[in-house]
Amino acid sequence: MNKIQFSIDCRSFFVIIAVLFSSFTFAQQKYVIDNSNHFWDKVQFGGGLGVGIGSGYTDISVMPSAIYNVNEIVSVGLGLQFGYLSSKNYYDSFVYGGSLVTLVNPIPEIQLSAELEQVRVNTDYDSTPYRPSYSDNYWNTALYLGAGYRTGSVTIGARYDVLYDPDRSLYGSGFMPFVRVYF
C-alpha cells in the first residue's frame, strides 16, 4: 500500500511542477514580446537641410539623424552628413561623414548636447596665375558642445567645436548657431 501511495504522490508532484514551469515559461515569453514592441516608440527622426547661394558661392548640405530616447532626460543617436561647397574660380568641395549625438534635457525647455562628428573633406582647387590646381583630401574631427531652448520638437541654440583648428577645420569658426528638429 505504501508503494501505491508514493506513486500517486509523485505523479501529483510532477503535475504541479509541470504546471508551474509551463506558466513561468509563458510569462517569460510574453515579457520579451512586450519589451521589443516599445523600441520604435522611443525613436525620433530629424536632422537638417542647408542651402546657401550667393555671388559665385554655393553651399548645399543634407544632415539626416535619428535619436533614441533613453528616458525623458537623455537621448542618444546617430547622424549622417553630405555636403557640397563651391566658390567660383576657386574650389569645389565634397563633404561626407557621420556623427554620434547625445542630448540631455535637465528641464523640458533646456537642451544640452554633445556631438562627435567625423567627416571626409575632398577639395579641388582651381588653378590661378599664381598657383597650379591641386587637391586637398583629409578627415576632419569635431566635438561640438551646445545648449539650446527647446519647445516641442524644435530646439534653437548654439554649439562650439572644442577641437576647432582654424587651419584644418571645415568651418570658418568654432562657434555656430543651430536649429534642431526631431519628429
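**Entry 1: a word on classes**

For sorting residues, I count Ala, Val, Leu, Ile, Met, Phe, Trp, Tyr, Cys and Pro as nonpolar. Asp, Glu, Lys and Arg count as charged, and the others, Gly among them, as polar. I also note that this model is predicted.

**Entry 2: the second largest pocket**

I used the classes here. Which classes make up the lining of the second largest pocket? I found 10 nonpolar, four polar and three charged residues. The volume of this pocket is about 280 Å³. Its lining has 17 residues. T123, Y125, Y138, S169 and L170 lie nearest the centre. I then looked up the elements behind this lining. β4, β5 and β6 (134–151) each give two or more residues to it. β5 gives the largest share, three residues.

**Entry 3: the largest pocket**

Next I turned to the largest pocket. It holds about 660 Å³ of space. There are 29 residues in its lining, and the closest to the centre are G48, M63, Q81, R159 and Y171. Several strands give two or more residues to this lining: β1 (43–54), β2 (57–69), β3 (74–87), β4 (91–107), β5 (110–125) and β8 (175–182). I sorted this lining by class as well. It has 15 nonpolar, nine polar and five charged residues.

**Entry 4: the overall plan**

I stepped back to the whole chain. How many helices and strands does the protein have? I found one helix and eight strands. From the N terminus on, the helix comes at the start and the strands follow, as α-β-β-β-β-β-β-β-β. The protein has 183 residues, and 26% of them count as buried.

How are the strands arranged? The eight strands close into a barrel, in the order β1-β2-β3-β4-β5-β6-β7-β8. The pairing is antiparallel. Neighbouring strands of this sheet are turned by 25° against each other on average, with direction ignored. I reminded myself how such pairing works: strands of a sheet pair through backbone hydrogen bonds, either parallel or antiparallel.

**Entry 5: strand pairs**

I went round some of the pairs. β1 and β2 run antiparallel and are joined by 12 bridges. Within β2, D59 is the residue that stands opposite G52. β1 and β2 form a hairpin with two residues between the strands. G56 in this hairpin takes a positive phi near 80°.

β2 and β3 are also antiparallel, over 11 bridges. I looked up Y57, and its bridge partner in β3 is S87.

Then I checked β1 against β8. How many bridges join these strands? I found two, and the strands run antiparallel. Opposite G47 stands V181 of β8.

**Entry 6: a loop residue**

I stopped at N89, in the loop between β3 and β4. N89 is not a glycine, yet its phi is positive, about 60°. Is N89 buried or exposed? Exposed means over 50% relative accessible area. N89 has 61%, so N89 counts as exposed.

**Entry 7: along β4**

I picked out residues of β4, beginning with S93. Why does S93 count as buried? The cut-off for buried is under 20% relative accessible area. S93 counts as buried because its relative accessibility is 4%. The side chain of S93 makes a polar contact of 3.0 Å with that of T123. I had met T123 before, among the residues nearest the centre of the second largest pocket.

L100 also sits in β4. Its relative accessible area is 47%, so L100 is partly exposed. I looked at L100 together with G77. They are 23 residues apart in sequence. In space, their C-alpha atoms are 5.9 Å apart.

N105 is another residue of β4. Is N105 buried or exposed? N105 is buried, because its relative accessible area is 4%. Its side chain joins that of Q111 in a polar contact of 3.4 Å.

One general point went in the margin: in a regular strand the side chains alternate between the two faces of the sheet.

**Entry 8: what I keep**

I keep the barrel of eight strands with antiparallel pairing. I keep the largest pocket, at about 660 Å³, and the second largest, at about 280 Å³. From β4, I keep the contact between S93 and T123 and the contact between N105 and Q111.

Technical notes:
Residues numbered from 1 in each chain as written. Predicted model: local features only at pLDDT ≥ 70, side-chain atom pairs only at ≥ 80, totals over all residues. Heavy atoms only, no water. 1 Å grid on protein atoms, 1.4 Å probe; cavity = no way out; pocket = protein on both sides within 12 Å on 5 of 7 lines; lining within 4 Å. Points joined across faces, edges and corners; volume = space filled by probe spheres on them. Helix = DSSP H or I, 4+ residues; strand = E, 2+ residues; numbered from the N terminus. Pairing = 2+ DSSP bridges. Axes fitted to C-alpha atoms, helices over the stretch in contact; angles between N-to-C directions. Buried < 20%, exposed > 50% of the residue type's maximum accessible area, 1.4 Å probe, protein only. Polar contact = N/O pair within 3.5 Å; in protein donor to acceptor, adjacent residues only side chain to side chain.
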